[in-house]
Amino acid sequence: MKGHLEAVITPESKVVLRQAIRCYDVDGAMRLKPAAFMDLAQEMAYIAADLMHFGYDELQQEGKAWVLSRMHFTFVDVPVWRDEVEIQTWHKGPSGPFYLRDFRINDLQGNAKVLGTSSWVILDVRERRMCRTSEVTEMIPESTVCHDFAIEAPAEKVAMPRGIQPEAVASHKVGYADVDLLGHTNNARYVVWAMECIDYELVASRPIKDLWVNFNHETRAGEEVTLFRHQEGDTYFVEGKVEDRQAFCVKIQF
C-alpha cells in the first residue's frame, strides 16, 4: 500500500504502526493533545481500511464514504513528545447502525497509554444519507473482524444534561483549516474547539482522563458554529450549534 509500507497486519487482523510522538502533536506540557489523538486515530482507520480493501478508494467507487459518528477515548498514561509508541487499530464489525473500531496506543514494552473506541457509519455521498449495514456487508469480510476490545462498551450517546442552561462562550466560522477531504469539518477540529472553551490554565495543567464526542450533523465552510459550555465538577460538556441544529457534543472529564 503506497505510503503505508510501515504498517503491518497481525494474524488477529489488527493493523499496527510504530512512530514517535511529534512536536506538533503536543501541548505546552509536551503531552499528546486530545485532538492529536483524534488525528492519529483517523489516519490509522484509513490505513487499516485501505489495507483490508474497504477503504476510501473502494467506497468512493460505490459513491460512499466512511464517516465517524461517535468516539470515546481514555488517557491511561499520556504520551509525551518523542515517546516511541505502537499504535494499533482493529474493527469489530457491525453493531446496529454502526461499524465499531477500537484503538490502542502502547509504549514499546506493551503498556497501555491511550485506549479508544469509535462508531462509524457509511454515507451515501450523493444522497447524503446513512447506508444500512446490510447494504455494504459484502464489502467488509467477516475474516477481517477482531473481537478484542480496547474499551468494552461502545461510545455512548452524549448530550447536554437536562434542565440546565448552558453558557454561550464562543462562536467559530468554519474555514479552510477546518475542512477535510470529504468537504466538511474534520472531526478533530470539534475537539479543538471544545478544548478552547475551557480555561487555558486548567487544560494546560491537568491532562484529561476521558473524552466522549458525538458528531450529529456536518458543518461546512462559511457556517457559523455557536459553542455552548456547561460544567459539573471535573466534567465539562461542550456543544456546537448552527442556528438550532446541534452539530456536535463533547463530554470531557479531568
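Guide: Let us start where E239 stands opposite C249 in strand 12, keeping in mind that this is a predicted model. Strand 12 covers residues 245–253, and strand 11, residues 235–242, pairs with strand 12 in the antiparallel sense over 8 bridges.

Visitor: What makes C249 count as buried?

Guide: A residue is called buried when its relative accessible area is under 20%, and C249 has a relative accessibility of 0%, so C249 counts as buried.

Visitor: How do you know that C249 is too far from the closest cysteine sulfur for a bond?

Guide: The closest cysteine sulfur belongs to C197, and the sulfur of C249 is 11 Å from it. A disulfide needs the two sulfur atoms within 2.5 Å, so the separation of 11 Å is too far for a bond. A search of the whole structure agrees with this, as 0 disulfides are found.

Visitor: Why does T235 count as buried?

Guide: T235, which lies in strand 11, has 14% relative accessibility and therefore counts as buried, the limit being under 20%. Leaving aside residues up to four places away in sequence, T235 touches H230, K251, I252 and Q253.

Visitor: What makes K251 a charge over the ring of W212?

Guide: The charged atom of a lysine has to be within 6 Å of the ring centre and within 35 degrees of the ring normal, and K251 lies over the face of W212 at 4.3 Å from the ring centre. These two residues are also bridge partners, with W212 matched to K251 in strand 12. The strands concerned are strand 9 (residues 210–215) and strand 12, which run antiparallel and are joined by 6 bridges. A further charge over a ring is found at W81, where the charged end of R82 sits 3.8 Å from the ring centre.

Visitor: Why is the pair of F37 and F73 called tilted?

Guide: A search of the whole structure finds 10 aromatic pairs. In the pair of F37 and F73 the ring centres are 4.8 Å apart and the planes meet at 50°, so the pair is tilted: planes under 30 degrees apart would be stacked, and over 60 they would be edge-to-face. F37 lies in helix 1 and F73 in strand 3 (residues 64–75), so the pair ties together parts that are 36 residues apart in sequence. Both F37 and F73 are buried, and ring pairs link them with F75 and F103 into a cluster.

Visitor: How do you know that helix 1 is largely enclosed by the rest of the structure?

Guide: Of the 18 residues of helix 1, 16 are buried, so the helix is largely enclosed. Helix 1 runs over residues 34–51 and reaches 26 Å from its first C-alpha to its last, close to the 26 Å expected at 1.5 Å a residue. Just after helix 1, H53 takes a positive phi of about 70°.

Visitor: Is P11 buried or exposed, and what makes it so?

Guide: P11 has a relative accessible area of 80% and is therefore exposed, because that word applies to values over 50%. P11 is found in the loop between strand 1 (8–9) and strand 2 (15–20). The C-alpha atoms of P11 and C146 are separated by 9.8 Å, although the two residues are 135 residues apart along the chain.

Methods
Residues numbered from 1 in each chain as written. Predicted model: local features only at pLDDT ≥ 70, side-chain atom pairs only at ≥ 80, totals over all residues. Heavy atoms only, no water. Helix = DSSP H or I, 4+ residues; strand = E, 2+ residues; numbered from the N terminus. Expected span 1.5 Å × (residues − 1). Buried < 20%, exposed > 50% of the residue type's maximum accessible area, 1.4 Å probe, protein only. Phe/Tyr/Trp six-rings, centres within 6.5 Å; stacked < 30°, edge-to-face > 60°. Pairing = 2+ DSSP bridges. Contact = heavy atoms within 4.5 Å.
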